[in-house]
Every structure is written in structure tokens, then in C-alpha cells.
Amino acid sequence: MLLFKDLTTSVEATIRESLRNKFQNYNPESKNMPFHYRLLGKDRMALYSFIQSLNTTFGTSIFEPVAETLAKTRFVKARSQYVVGNEISEYAQNEIQDIINELTTHANPDKREEIQRIRTVCQKGRMNTLRTVKVDLLVENYEGSLFLFDLKTAKPNISNFKDFKRTLLEWCAIVLAKNPDLDVHSLIAIPYNPYAPEPYERWTLRGMLDLEQELKVADEFWDFLGGDGAYQDLLDCFERVGIELRTEIDQYFGRFRN
């Protein structure tokens with residue numbers, strides 16, 4: 001579906017504001033790179049450093065606010081950096097550890113079954129306080145189902161997949177401890193496919209993640225939030241803002257020439 005004009009305006013304003021905030025708060029880590037400066041120029045090095053910094057914070061500074069803006073058009077609730085809670089039952093913690101152990105020994109992940117296992121023990125035993133990461137994006141549909149997204153870089157570190165999986169399961173356990181009957185889903189979202197036009201290399205995530213139930217990449221994620229065609233419309237929004245701010249961007253990095 002094509003983004004409505006008012007939504008397009010809102011999304012582009014979010015992108016514009018996020019980028020300008022990044023400019024205002026940006027401070028190059030290295031103050032002196034004499035060989036690089038003489039070879040490439042300070043402005044190009046400043047641009048390179050800015051891009052590296054932007055890549056690191058793109059999720060929180062741009063993707064999350066844009067995703068929240070987009071989701072608010074189709075969901076009853078959309079929140080970025082959401083605190084899901086901090087209480088989890090000891091039985092649920094043990095069940096999650098059992099699931100992780102089974103997956104480590106090459107069991108096939110089945111998220112529906114895993115959530116059901118957690119649901120049956122989510123209020124059993126002592127309730128423990130757990131410090132977990134914030135949900136990057138929470139959305140609730142009109143049927144009352146919750147979707148908890150963990151936004152990752154385009155090429156997440158394979159060595160961290162076990163931690164990713166644990167976080168997804170803990171989020172579900174914390175939510176279900178409050179309401180065992182809730183329909184809850186926790187997923188990894190990867191905002192774009194770095195391998196395009198080739199398919200995303202999903203095999204790198206196979207083993208720990210249920211690829212059908214726990215992963216949305218590029219258009220799967222953005223179209224889920226904004227409807228069919230939202231991903232392409234979003235790319236067009238980024239392009240228009242880039243063209244609009246090109247002079248402003250050139251002027252900003254022109255300050256580093258001297």
C-alpha cells in the first residue's frame with residue numbers, strides 16, 4: 001500500500017529530525033589523523049567517521065523512531081525502547097535454559113511450542129527480578145496480540161545468537177507472568193538486506209531461531225508495520241530527505257576542510 005501523504009510527511013520529518021540531531025551531537029572520536037588527513041582531506045575523513053558512527057547508532061537514532069511512526073498507523077499501540085518488565089518465574093527461567101540447551105544440541109527451534117512451554121510455568125515458583133534489555137519496538141494489534149522486536153544490524157554476530165534467543169524467550173516469560181493467556185510474539189528484525197538482490201543468508205541464523213516465527217528482514221519487517229509496499233515507500237522517503245538536505249550536509253562537512 002502507498003503511504004498516505006500525511007504519513008509520508010510524518011516519516012520524512014522523523015528522518016530529518018533524527019539526522020539533524022545526529023549532526024548536533026556528533027563529535028569525531030579521533031582529533032588528529034595526520035596521514036589520513038593529508039591523503040584524503042579532513043572533510044572526507046569526517047564524513048567517513050560520521051558514517052561509521054551513524055551505522056553504529058542507526059537503529060536507535062533513525063530506524064526505531066521511523067518504525068514507531070509507521071506502526072502507529074496500523075496498530076493500537078506502538079512504543080520504542082519499551083520496558084517490558086523485570087519479573088520472571090524461576091520455573092520459566094529453568095524452562096528457557098532447557099530450551100537453549102536443546103537447541104545447542106541441534107534440536108529444531110519451534111517458537112510456538114517454546115512459548116507454550118513457557119506459558120505453562122510462567123507463574124510457578126518464586127518470582128525473580130531480572131534485568132533484561134529494553135524492547136526496541138513493541139506493537140499491539142487490535143486483536144490484543146503483542147509483537148516485541150529486537151532490531152539488529154544487517155549482519156548480526158553469529159556468536160551472539162544464543163543471547164538473542166534467550167532475550168526473546170525472557171521477554172515472553174515476563175509478559176506472560178502478568179497475563180498467561182496473552183498472545184505474544186518476540187522477533188528479530190533486520191531493517192535491510194545487505195545481500196540484495198540475492199536473498200538474505202538466513203542459514204546463518206538457523207539452529208537458534210525459528211526463521212518463520214522469529215525473523216523479519218527488510219520488506220517483511222517494514223511491510224508488517226506499514227502494510228504492503230511500505231518498504232519501498234520508506235526508501236523513497238529516505239531518498240527525498242537526502243536530496244533535500246544535501247546542501248546542508250555538504251555545508252556541515254565543509255567545516256572540516258581547514
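Two strands count as paired here if DSSP finds at least two bridges between them. With that in hand, take strands E4 (residues 135-140) and E5 (residues 146-151): they run antiparallel and are joined by four bridges. Keep in mind that this is a predicted model. Below is a quick tour of the sheet, the helices that pack on it, and the two largest pockets.

**The sheet**
- E4 and E5 belong to an open sheet of five strands, in the order E1-E4-E5-E6-E7, and the pairing is mixed.
- At the edges you'll find strand E1 (77-82) and strand E7 (215-217); each has a single partner strand, so one side of each is left without a neighbour in the sheet.
- Ignoring direction, neighbouring strands in this sheet are turned by 25° against each other on average.
- For a look at one of the contacts between E4 and E5, try Glu-140: its bridge partner in E5 is Leu-146.

**Helices on the sheet**
- Helix H6 (residues 161-178) lies across E4, E5 and strand E6 (184-190). Its run makes an angle of about 150° with E6.
- Helix H7 (residues 219-226) also packs on the sheet, where it touches E4, E5, E6 and E7. The direction of H7 is at about 95° to that of E7.

**The largest pocket**
- This one has a volume of about 340 Å³.
- It is lined by 17 residues, and the closest to its centre are Leu-19, Phe-238, Val-241, Gly-242 and Ile-249.
- Four helices each supply at least two lining residues: H1 (5-25), H3 (42-71), H8 (230-244) and H9 (246-254).
- H3 makes the largest contribution to this lining, with six residues.
- As for chemistry, the lining splits into 13 nonpolar residues, one polar and three charged.

**The second largest pocket**
- The volume here is about 290 Å³.
- Of the 14 residues lining the second largest pocket, Asn-55, Phe-58, Gly-59, Phe-63 and Thr-153 are the closest to its centre.
- H3 turns up again, giving the most to this lining with seven residues.
- The lining of the second largest pocket breaks down into six nonpolar, five polar and three charged residues.

**Putting the pockets side by side**
- H3 is the helix to follow if you want to see both pockets: it supplies six residues to the lining of the largest one and seven to that of the second largest.
- Each lining holds three charged residues, in the largest pocket and in the second largest; the nonpolar count is 13 in the largest and six in the second largest.

Notes: Residues are numbered from 1 along each chain as its sequence is written. This is a predicted model: local features need pLDDT of at least 70, side-chain atom pairs count only at pLDDT 80 or more; totals for chains, interfaces and linings use all residues. Side-chain values use heavy atoms; hydrogens and water are left out. On a 1 Å grid over the protein atoms alone, a cavity is a set of points where a 1.4 Å probe fits but cannot get out, and a pocket is an open set with protein on both sides within 12 Å along at least five of seven lines; lining residues have an atom within 4 Å of a point. Grid points are joined across faces, edges and corners, and a volume is the space filled by probe spheres set on the points. Ala, Val, Leu, Ile, Met, Phe, Trp, Tyr, Cys and Pro count as nonpolar, Asp, Glu, Lys and Arg as charged, and the others, Gly among them, as polar. Axes are lines fitted to C-alpha atoms, for helices over the stretch in contact, and angles run from 0 to 180 degrees between N-to-C directions. Contact means heavy atoms within 4.5 Å.
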